[in-house]
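Open the model in your viewer and keep the selection panel at hand. The stops below each give a selection and a note on what is found there.

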Amino acid sequence: MEIFYFLVFGGLASIVAVLEFSKSSKDRVNTSTPFNSFKNNYLVVYSLMMAGDWLQGPYVYYLYSQYGYSKGDIGQLFIAGFGSSMLFGTIVGSLADKQGRKRACVTYCITYILSCITKHSPQYKVLMLGRILGGIATSLLFSAFESWLVAEHFKRGFDQQWLSVTFSKAIFLGNGLVAIISGLFGNVLVDTLALGPVAPFDAAACFLAIGMAVIMSSWPENYGDPSENKDLMSQFKAAAVAIASDEKIALLGAIQSLFEGSMYTFVFLWTPALSPSGEEIPHGFIFATFMLASMLGSSIASRLLARSSPKVESYMQIVFLISAAALMLPVITSFLVAPSGVKGGGISFSGCIQLMGFCAFEACVGLFWPSIMKMRSQYIPEEARSTIMNFFRIPLNIFVCVVLYNVNAFPIIVMFGMCSIFLFVASLLQRRLMFIAELQKPKSQDWTTMRELGTEEEPLNA
């Protein structure tokens, strides 16, 4: 393997280690023992859930190809997964708010385990069913767990700032360390032990089952709006009204869709971008490097969120601008660096430049997740949290389905340029969100003061 990959990986690992071991009291939030116990319980569950997800990711396409399906057939299977998440996401989100977030988390485990079981069959219809189940599970993973955490956090009377500690640790572990370990573990199962491409899915099912047991034995139930006379349609209307009546929620949803849409598009594009002439690149090692870069971002986020300044609404503008510049690199190098024209071989000079940019983008992803979680906890109303969060995923899933369907219709630099523009727009929307939040800050402070004084006076509508 070329020394360049080891230099990038080693450099990132060194920076992460320095950041983690050099944290001062200003970079840490003083918490309580009950909160630490609550946080650690959630982190164990979240890490198990993410292990179940990360183990599957690198081998889905490979498994389908081993069953003899073409690129077009596999593309339809992927579209089915995102389409399922779009169609059923709002329904399962509303059910989570009404029937209970703990039940929704258990449902995630069961649904994803069933999806893993379908991978044993080479039948296209069975695999399609698995993708539909996986789409439903994905909607629950990115809404039910966070909704349960936020509700339970405030129910137990913990400080709001402590949420950022849980968010940053969850991303550092679940989207960083666990992802790296899962990738290496999956490689051992498939290549070293030669158990076949289905083995990671069986291992994922085991981790999901363990996590489900922990949830059922240690998590209490909490709800959004448990009123018996509120059906699903009423919940949809309430969520839509909340988004339409509060510009902050609408902006947050647009920002999330733009960033995540670009992120999922990047997942499909980075391989052909780094090997346009069939260069041999170590996919697994590069994936681990990306996850290490994401850990770097989450480590930086934990420091920023622990301080009162800069505000999350402020520094995220810079994060989106950096991510836009990073995904513009393939466009720039295509004009400034002449292609080698040699088939095969190692990574090219332009590929090295792009890899550095992609690591910067992954660091922005690590910053994005705990920061967007923090903003969602501030702006999304508790009674419809899961429903609104899954509303946000509708445009995201539409965008990804369109990209998948037309992935061969546009040059790769056009796709990267489009993502870069989306991220620049996200930066502008983030600036607007910061402006509105600053305007309304006195009202929110007055509301907080009234609550502390025990008054029952309702705050003015924002």
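Start by selecting Arg101, which counts as buried at 0% relative accessibility. This is a predicted model. Add Asp97 to the selection: the side chains of Asp97 and Arg101 meet in a salt bridge, with 2.9 Å from N to O. Asp97 is buried as well, its relative accessible area being 0%. Side chains of opposite charge can pair when their charged atoms come close. The structure holds seven salt bridges, and two further stops show others.

Next, select Arg103 and Glu221. They form a salt bridge whose closest N and O atoms are 4.0 Å apart. Arg103 lies in helix α5 (residues 101-118) and Glu221 in the loop between α9 and α10 (232-245), so the pair ties together parts that are 118 residues apart in sequence. Arg103 is partly exposed, with a relative accessible area of 47%.

Then select Glu152 and Arg156. The closest N and O atoms of this salt bridge are 3.0 Å apart. Is Glu152 buried or exposed? At 3% relative accessibility, Glu152 counts as buried, while Arg156 is partly exposed at 39%. Add Lys155 to complete the group: salt bridges that share partners join Glu152, Lys155 and Arg156 into one network.

Move on to the nonpolar interior. The largest nonpolar core has 144 residues, and the members touching the most others are Met49, Tyr108, Phe145, Phe290, Phe358, Phe361 and Ile388. Colour helix α14 (residues 349-379) separately, since this helix gives the core its largest share, 14 residues. In soluble globular proteins, nonpolar side chains tend to be buried together.

Centre the view on Phe358. Which residues does Phe358 touch, leaving out those up to four places away in sequence? The contacts are Phe266, Trp270, Ala273, Leu274, Phe290, Leu327, Pro330 and Phe416.

Now turn on a cavity display. Four cavities of 30 Å³ or more are counted, and the largest has a volume of about 70 Å³. To outline the largest cavity, select its lining: Tyr42, Tyr46, Leu141, Phe142, Ser143, Phe145, Glu146, Trp369, Met373 and Arg376. The elements giving two or more residues to this lining are α2 (33-54), α7 (144-155) and α14. Helix α14 supplies the largest share, three residues. Colouring the lining by class gives seven nonpolar residues, one polar and two charged. Phe145 appears in this lining and also among the core members that touch the most others.

For a backbone stop, select Ala194 in the loop between α8 (162-192) and α9 (199-218). Ala194 has a positive phi of about 55° although it is not a glycine. Most residues other than glycine have a negative phi, and most peptide bonds are trans. Ala194 counts as exposed, at 59% relative accessibility.

Finish at Gln76, in helix α4 (residues 71-99). Gln76 counts as partly exposed at 46% relative accessibility. Leaving out residues up to four places away in sequence, Gln76 touches Tyr124 and Met128. For a sense of scale, draw a distance from Gln76 to Glu362: the two are 286 residues apart in sequence and 27 Å apart in space, C-alpha to C-alpha.

Definitions and conventions. Residues numbered from 1 in each chain as written. Predicted model: local features only at pLDDT ≥ 70, side-chain atom pairs only at ≥ 80, totals over all residues. Heavy atoms only, no water. Core = buried A, V, L, I, M, F, W, Y, C linked by side-chain atoms within 4.5 Å. Buried < 20%, exposed > 50% of the residue type's maximum accessible area, 1.4 Å probe, protein only. Helix = DSSP H or I, 4+ residues; strand = E, 2+ residues; numbered from the N terminus. Contact = heavy atoms within 4.5 Å. 1 Å grid on protein atoms, 1.4 Å probe; cavity = no way out; pocket = protein on both sides within 12 Å on 5 of 7 lines; lining within 4 Å. Points joined across faces, edges and corners; volume = space filled by probe spheres on them. Nonpolar A, V, L, I, M, F, W, Y, C, P; charged D, E, K, R; others polar.
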